[in-house]
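Hi everyone, thanks for making time for this one. I'd like to walk you through a structure, one piece after another, so please have a look while I talk.

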Amino acid sequence: MSRSLDIAGSVLCEHCTAACCRYIALPIDKPRGPRDYDDIRWYVMHEGVSVFVEEGQWYVQFQARCKNLRPDNLCGIYQTRPKICREYEPHECDYAGGAYTYDLVFTHAGQVEAYARQKLGADLGEPKPPRRHHRIGAAARHSGA
Ligand code: SF4
Ligand code: SF4
């Protein structure tokens, strides 16, 4: 991030407003059931929060400007910036684009509801009644004794 050289030798980051320094994205478990989808629906109800899937991995993303980003869009702690910043590949970054694509992106609750409906075959707003413990089989075995 910030001041990375592109192939042509010019400073790619000088043409960008430091898009990569304005959010954090954390991996989350792939949703399995209604509760997981409902949690994701809740995440994206918040301003600046989205959920995306990249190469099968689910992430929650928070729009949050790094406190070290200078007004000129350069890193204020370049020499001591975190490893995750050093490892970021400019040729595939948010600004350079290219192969940088998402499998899925959710930015509001309606998208999550629609996707969950497609996957679960039920609306998130209509939870199924709690599962009962059927003892019919056990009773039948006892009744035959
Ligand atoms: S998004 Fe890309 S071009 Fe922009 S600062 Fe980050 S690495 Fe540089
Ligand atoms: S530490 Fe520097 S390179 Fe890393 S996100 Fe913040 S401003 Fe960007």
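Let's begin with two strands. Strand β2, residues 49–54, is joined to strand β3, residues 57–63, by 6 bridges, and the two run antiparallel. Before I go further, please keep in mind that this is a predicted model.

If you follow the chain from β2 into β3, you'll see a hairpin with 2 residues between the strands. One of the turn residues, Glu55, has a positive phi of about 50°. Right by that turn, Glu54 stands opposite Gln57 in β3. Moving along the pair, Val53 has Trp58 as its bridge partner in β3, and further on you can find Val49 opposite Phe62 in β3.

Now, what does β2 have on its other side? There we meet strand β4, residues 104–106, joined to β2 by 3 bridges and again antiparallel. Val53 is a nice residue to click on here: its bridge partner in β4 is Leu104, while in β3 its partner is Trp58.

Trp58 also takes us to the next strand, as Ile28 stands opposite Trp58 in β3. How many bridges join β1 to β3? The count is 6, and these two strands run antiparallel as well.

Putting the pieces together, we have an open sheet of 4 strands in the order β1-β3-β2-β4, with antiparallel pairing. Which strands stand at the edges? They are β1, residues 23–28, and β4; each has a single partner strand, so one side of each is left without a neighbour in the sheet. On average, neighbouring strands of this sheet are turned by 20° against each other, direction ignored.

Let's move on to the helices. Helix α1, residues 34–43, packs with helix α3, residues 109–120, at an angle of about 165°, and their axes are 9 Å apart. That angle is over 145 degrees, which means α1 is roughly antiparallel to α3. The crossing of these two helices is right-handed.

Who meets whom in that contact? From α1 we have Pro34, Tyr37, Ile40 and Arg41, and from α3 they meet Ala109, Val112, Glu113, Ala116 and Leu120. Sorted by class, this contact has 7 nonpolar residues, 2 charged ones and no polar ones.

Last stop, the ligand. There are 15 residues around ligand 1, and those that come nearest are Cys13, Cys16, Cys20, Cys93 and Tyr95. What is the shell made of by class? It has 12 nonpolar, 2 polar and 1 charged residues.

That's my tour. Thanks for listening, and I'm happy to go back to any part of it.

How values were computed
Residues are numbered from 1 along each chain as its sequence is written. Chains are lettered from A and ligands numbered from 1 in the order in which they are written. This is a predicted model: local features need pLDDT of at least 70, side-chain atom pairs count only at pLDDT 80 or more; totals for chains, interfaces and linings use all residues. A residue is near a molecule or strand if its C-beta atom, placed from the backbone, lies within 6 Å of it. Ala, Val, Leu, Ile, Met, Phe, Trp, Tyr, Cys and Pro count as nonpolar, Asp, Glu, Lys and Arg as charged, and the others, Gly among them, as polar. Axes are lines fitted to C-alpha atoms, for helices over the stretch in contact, and angles run from 0 to 180 degrees between N-to-C directions. Angles under 35 degrees count as roughly parallel, over 145 as roughly antiparallel, 65 to 115 as roughly perpendicular and the rest as oblique. A crossing is left-handed if the near helix is turned anticlockwise from the far one by less than a right angle, and right-handed if clockwise. Two residues are in contact if their C-beta atoms, placed from the backbone, lie within 7 Å. Two strands pair if DSSP finds at least two bridges between them.
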